[in-house]
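Please read the following alongside the sequence and the coordinates, taking the helices in turn and then the aromatic side chains.

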Amino acid sequence: MIILKGVAKTYSSSYMGNMCALSDINLTFNDSEFVAITGRSGSGKTTLMNLIGGLDRPTLGEVIIDNTLLSSLTEVQSAKFRNEHIGFVFQAFYLEPKFSVLQNVALPLLIKGVAKKDREDCAKNILRTLGLEKMLLKKVSELSGGEMQRVAIARALVTNPKIILADEPTGNLDTENGKLVMDLLKSCVSSDRIVILVTHNEADVRYCNRIIKLCDGKVVEDERQ
Ligand code: ADP
Ligand code: MG
């Protein structure tokens, strides 16, 4: 379960002054929810994802994941927490182009300190489950965008995280590949996993069971469907 209590984020810069990206966010996400975060560009979606993922800290308020208050963690503890509990998927994929698919998917386990054979077995398993075993030894630079995003999802899943955060994962994909990625994300939702997705795409929203809309850093809609 994820709890956000009175969360606000203000960015300060010398030339723009203070910029309030989020204010007074109060949200609870339960296990097994598939949530779409929508809203115009600049409405605070990525900021919200970064706060939930512990990539950034709120100016005010608390983010609590399964009884852990994220702001109580040191940088090192925070990185460990992310590695163990959260899988990230980004619009730009952020895979290592020179590495093979297998090496990319196994990377979070390398960071975790898992031995080579075990991490390769684990990565192979997840790739097999997602129907991607054929591309195991291909270099990422040889893949299409749709394939890269599916590999990025495999990498996000390899540590069996409780939370998947996907920031505009279909943003660079055509309709067909967008559907494949959404099917895959939907299949990631389970009784003890939350998937949160940022999207601009109406077709994506239909896959989700909860829609949260942001406007100017505030929640203006929160509906379950
Ligand atoms: P979205 O993902 O909905 O497009 P963001 O969360 O990226 O919105 O940004 C929300 C607001 O915060 C925007 O006005 C943006 O310019 C500002 N912002 C985001 N990141 C930073 C930053 N690192 N420094 C200063 N302002 C930022
Ligand atoms: Mg964004």
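**Helix packing and an aromatic cluster**

In this predicted model, helices H3 and H4 pack at an angle of about 120°, with their axes 9 Å apart. Because angles of 65 to 115 degrees count as roughly perpendicular and those over 145 as roughly antiparallel, that angle makes H3 oblique to H4. The crossing in which H3 passes H4 is right-handed. On the side of H3 the contact is made by Val101, Leu102, Val105, Ala106, Leu109 and Leu110, and on the side of H4 by Arg119, Glu120, Cys122, Ala123, Lys124, Ile126 and Leu127. Sorted by class, the residues of this contact divide into 10 nonpolar, no polar and 3 charged.

H3, which spans residues 101–112, also meets H5, which spans residues 145–157: their axes come within 7 Å and cross at roughly 35°. This crossing, too, is described as right-handed. Here Val101, Asn104, Val105 and Pro108 in H3 meet Val151, Ala154 and Arg155 in H5. The contact of H3 with H5 comprises 5 nonpolar, 1 polar and 1 charged residues. Val101 and Val105 take part in the contact with H4 and again in the contact with H5.

The burial pattern of H3 can be set beside these contacts. Its buried residues are Val101, Leu102, Asn104, Val105, Ala106, Pro108 and Leu109, and they pack against H2, H4 (116–129) and H5. An α-helix has 3.6 residues a turn, so residues three or four places apart point the same way. Just after H3, Gly113 takes a positive phi of about 90°.

On the other side of the contact between H2 and H3, helix H2 covers residues 75–85, and its buried residues are Ser78, Phe81, Arg82 and Asn83. These buried residues pack not only against H3 but also against three strands, namely E4 (60–65), E5 (68–69) and E6 (86–90).

From H5 the path continues to H6, which covers residues 175–188; the two helices pack at an angle of about 10°, with their axes 9 Å apart. Since angles under 35 degrees count as roughly parallel, H5 and H6 are roughly parallel to each other. The crossing of H5 and H6 is right-handed. The residues that meet are Gly146, Gln149, Arg150, Ile153 and Leu157 in H5 and Asn177, Leu180, Val181, Leu184, Leu185 and Cys188 in H6. By class, the contact of H5 with H6 has 7 nonpolar, 3 polar and 1 charged residues.

One residue of this contact can be followed individually. Asn177 lies in helix H6 and has a relative accessible area of 17%, so Asn177 is buried. When residues up to four places away in sequence are not counted, Asn177 touches Gly146 and Arg150, which are both among the H5 residues that meet H6.

What surrounds Val140, which is found in the loop between H4 and H5? With a relative accessible area of 3%, Val140 is buried. Leaving aside its neighbours within four places in sequence, Val140 is in contact with Leu95, Glu96, Pro97, Phe99, Ser100, Asn104 and Met148. One of these partners, Leu95, is 45 residues apart from Val140 along the chain, yet the C-alpha atoms of the two are separated by 7.2 Å. Another partner of Val140 is Asn104, which is itself one of the buried residues of H3.

The aromatic side chains remain to be considered. A search of the whole structure finds 2 aromatic pairs. In one of them, the rings of Phe88 and Phe90 have their centres 5.9 Å apart and their planes at 5°, so this pair is stacked. In the other, the rings of Phe90 and Tyr94 have their centres 5.2 Å apart and their planes at 70°, so that pair is edge-to-face. Ring pairs thus link Phe88, Phe90 and Tyr94 into a cluster. How buried or exposed is each member? Phe88 counts as buried at 17% relative accessibility, Phe90 is partly exposed with a relative accessible area of 26%, and Tyr94 counts as exposed at 56% relative accessibility.

Technical notes
Residues are numbered from 1 along each chain as its sequence is written. Chains are lettered from A and ligands numbered from 1 in the order in which they are written. This is a predicted model: local features need pLDDT of at least 70, side-chain atom pairs count only at pLDDT 80 or more; totals for chains, interfaces and linings use all residues. Side-chain values use heavy atoms; hydrogens and water are left out. Axes are lines fitted to C-alpha atoms, for helices over the stretch in contact, and angles run from 0 to 180 degrees between N-to-C directions. Helices (H or I, at least four residues) and strands (E, at least two) are DSSP runs, numbered from the N terminus. A crossing is left-handed if the near helix is turned anticlockwise from the far one by less than a right angle, and right-handed if clockwise. Contact means heavy atoms within 4.5 Å. Ala, Val, Leu, Ile, Met, Phe, Trp, Tyr, Cys and Pro count as nonpolar, Asp, Glu, Lys and Arg as charged, and the others, Gly among them, as polar. Rings of Phe, Tyr and Trp (its six-membered ring) pair if their centres lie within 6.5 Å; planes under 30 degrees apart count as stacked, over 60 as edge-to-face and the rest as tilted. Buried means under 20% relative accessible area, exposed over 50%, partly exposed in between (1.4 Å probe, protein chains only).
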